[in-house]
Amino acid sequence: MDFNLSKEQELLRDGLNKFLATRYDLETSRAAAKSGAGWQPDIWAGFANELGILGAALPEEFGGIGGGPVEVMVIAEALGHALVIEPYVDTVVVVGGLLRRAGGPQATALLERIVEGTAIVALAATEADSGHNWAEVATTAERDGDGWVLRGSKIVAVSAPLASHLLVTARTTNGISLFLVEVESATGLQAHHYRTIDDRRASDLTFDGVRLPADALLGEEGRAWPSLEQARDEGAAAVCSEAVGCMRKVLADTVEYAKQRQQFGQPIGSFQALQHRMVDMYMELEQAVSAAYLAVLNLDAEPAVRAKAVSAAKATIGRAARFIGQQAVQLHGGMGMTEELAIGHYFKRLTALQYEFGPTDFHVSRYSELTRN
């Protein structure tokens with residue numbers, strides 16, 4: 001199997017890495033996360049206008065470049081390596097896929113705005129009683145004349161505080177449907193915004209009789225679940241690639257620290273026991289890289305094959321992220337847990353990545369069920 005990138009994909013990777021190396025300062029991004037809007041709009045505009053990465057994996061009919069899962073992998077890994085907090089996976093990968101499959105004028109117009117960088121869209125699918133299971137939906141949407149009335153609540157809607165629009169899952173008379181909510185004009189929408197442990201922004205949302213127009217329904221009524229399941233797998237594959245980028249950076253920083261830190265008159269990297277630890281970290285990283293490839297290369301397969309590959313990758317990378325993150329912190333000593341070093345920020349992100357789009361235990365169980373079947 002050929003894992004080599006095409007010349008165009010290499011240019012995409014190199015251009016993004018150069019942009020992030022020169023324009024994306026970790027200290028500045030953490031300051032933005034802790035105050036103000038929680039992100040850097042000028043960086044997002046650069047992604048859209050200077051690099052074109054917001055449309056790299058979207059079809060040309062929406063203003064994109066027409067790439068696919070491999071382009072997403074390249075971008076997500078680079079963003080993970082630089083610890084970017086802007087909502088690429090949430091808006092472009094997850095919501096972009098949902099809008100593309102839903103079709104219709106509303107979805108098309110919004111996709112074009114996403115590519116241009118003028119719209120941030122967040123998915124609100126998680127509920128208090130459902131956890132990571134998006135299929136358990138208590139939020140309801142009832143017909144009201146020519147429109148809809150939305151009632152219910154969602155929790156941990158990642159990137160919702162930044163969003164101009166929300167995609168909300170709701171139960172209608174014949175199944176799960178997907179609705180578009182414009183944040184500024186939604187009367188009856190209440191939001192509690194907060195910063196997550198890994199410096200992202202999220203919201204708990206309440207929909208108290210939010211009235212929506214008829215065209216707020218995206219796709220066919222009651223038929224949203226297959227698309228949502230695919231979006232969850234696409235998001236999981238993307239964060240697997242992001243985790244690989246994070247782990248590459250963490251391992252490189254740890255090896256460099258071990259060369260510089262002196263103990264008993266010599267670098268700690270010369271101690272065989274610590275060398276063994278770093279070799280174990282490298283082996284976990286290589287397994288994670290292979291698992292991410294497995295997920296990416298099966299995203300266009302039929303649903304059972306796709307789900308099996310994604311769950312295998314998510315479980316493998318969940319284990320690797322935990323091991324590499326913990327070993328890196330220990331090898332850095334007490335400084336590893338502080339915010340003065342980058343390693344502490346990467347450790348928090350690697351911890352959060354283990355739970356996004358289903359925790360490790362969920363994916364182990366799903367893989368087991370699919371293997372039996």
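Reader: How many residue pairs are in polar contact between domain 1 and domain 3?
Author: In this predicted model, the count between domain 1 and domain 3 is 4 residue pairs in polar contact, with both residues at pLDDT 80 or more.

Reader: And which helices of domain 1 are on the side that touches domain 3?
Author: Helix 2 (26–34), helix 4 (69–81) and helix 5 (88–102) each supply at least two residues of that side of domain 1. The largest share is that of helix 4, with 8 residues.

Reader: How do the residues on that side of domain 1 divide into nonpolar, polar and charged?
Author: The side of domain 1 that touches domain 3 has 12 nonpolar residues, 3 polar ones and 5 charged ones.

Reader: How many salt bridges are there between domain 1 and domain 3?
Author: The count for these two domains is 2 salt bridges. A separate search, over the whole structure, finds 20 salt bridges.

Reader: What does Arg101 form a salt bridge with?
Author: The partner of Arg101 is Glu234, and the closest N and O atoms of this salt bridge are 3.2 Å apart.

Reader: Let me step back. Where does each domain begin and end?
Author: Domain 1 covers 7–119, domain 2 covers 122–223 and domain 3 covers 225–370. The contact between domain 1 and domain 3 takes 20 residues from domain 1 and 25 residues from domain 3.

Reader: How far apart are the centres of domain 1 and domain 3, and what area is buried between them?
Author: Their C-alpha centres lie 22 Å apart. The buried area is about 1,900 Å², and carbon and sulfur atoms give 69% of that area.

Reader: Why quote an area at all?
Author: The size of an interface is often given as the accessible area lost when the parts come together.

Reader: Changing topic, what does UniProt place at residues 6–114?
Author: An unreviewed UniProt entry places the feature "domain: Acyl-CoA dehydrogenase/oxidase N-terminal" there. In the model, residues 6–114 are 69% helix and 0% strand, and the end C-alpha atoms of the span lie 25 Å apart.

Reader: Which annotation covers residues 122–210?
Author: The unreviewed UniProt entry gives "domain: Acyl-CoA oxidase/dehydrogenase middle" for residues 122–210. Over that span the chain is 0% helix and 60% strand, with end C-alpha atoms 17 Å apart.

Reader: What about Lys34, which residue is its salt-bridge partner?
Author: Lys34 forms a salt bridge with Asp199, with the closest N and O atoms 3.5 Å apart. This pair links distant parts of the chain, 165 residues apart: Lys34 is in helix 2, and Asp199 is in the loop between strand 6 (189–195) and strand 7 (201–212).

Reader: One last residue: where is Thr316 found, and what does Thr316 touch?
Author: Thr316 is in helix 9, residues 303–332. Leaving aside residues up to four places away in sequence, Thr316 touches Gln287 and Ala291. Thr316 and Tyr293 are 23 residues apart in sequence, and their C-alpha atoms are 12 Å apart in space.

Technical notes
Residues are numbered from 1 along each chain as its sequence is written. This is a predicted model: local features need pLDDT of at least 70, side-chain atom pairs count only at pLDDT 80 or more; totals for chains, interfaces and linings use all residues. Side-chain values use heavy atoms; hydrogens and water are left out. Domain bounds come from an automatic or database domain assignment. Contact means heavy atoms within 4.5 Å. Buried area is the accessible area (1.4 Å probe) that two parts lose on being put together, summed over both. A salt bridge is a side-chain nitrogen of Lys or Arg within 4 Å of a carboxyl oxygen of Asp or Glu. A polar contact is a pair of N or O atoms within 3.5 Å; within protein, one must be able to donate a hydrogen and the other to accept it, and residues adjacent in sequence count only if both atoms are side-chain atoms. Helices (H or I, at least four residues) and strands (E, at least two) are DSSP runs, numbered from the N terminus. Ala, Val, Leu, Ile, Met, Phe, Trp, Tyr, Cys and Pro count as nonpolar, Asp, Glu, Lys and Arg as charged, and the others, Gly among them, as polar. UniProt positions are given in the numbering used here, feature names are shortened, and annotations may be inferred rather than shown by experiment.
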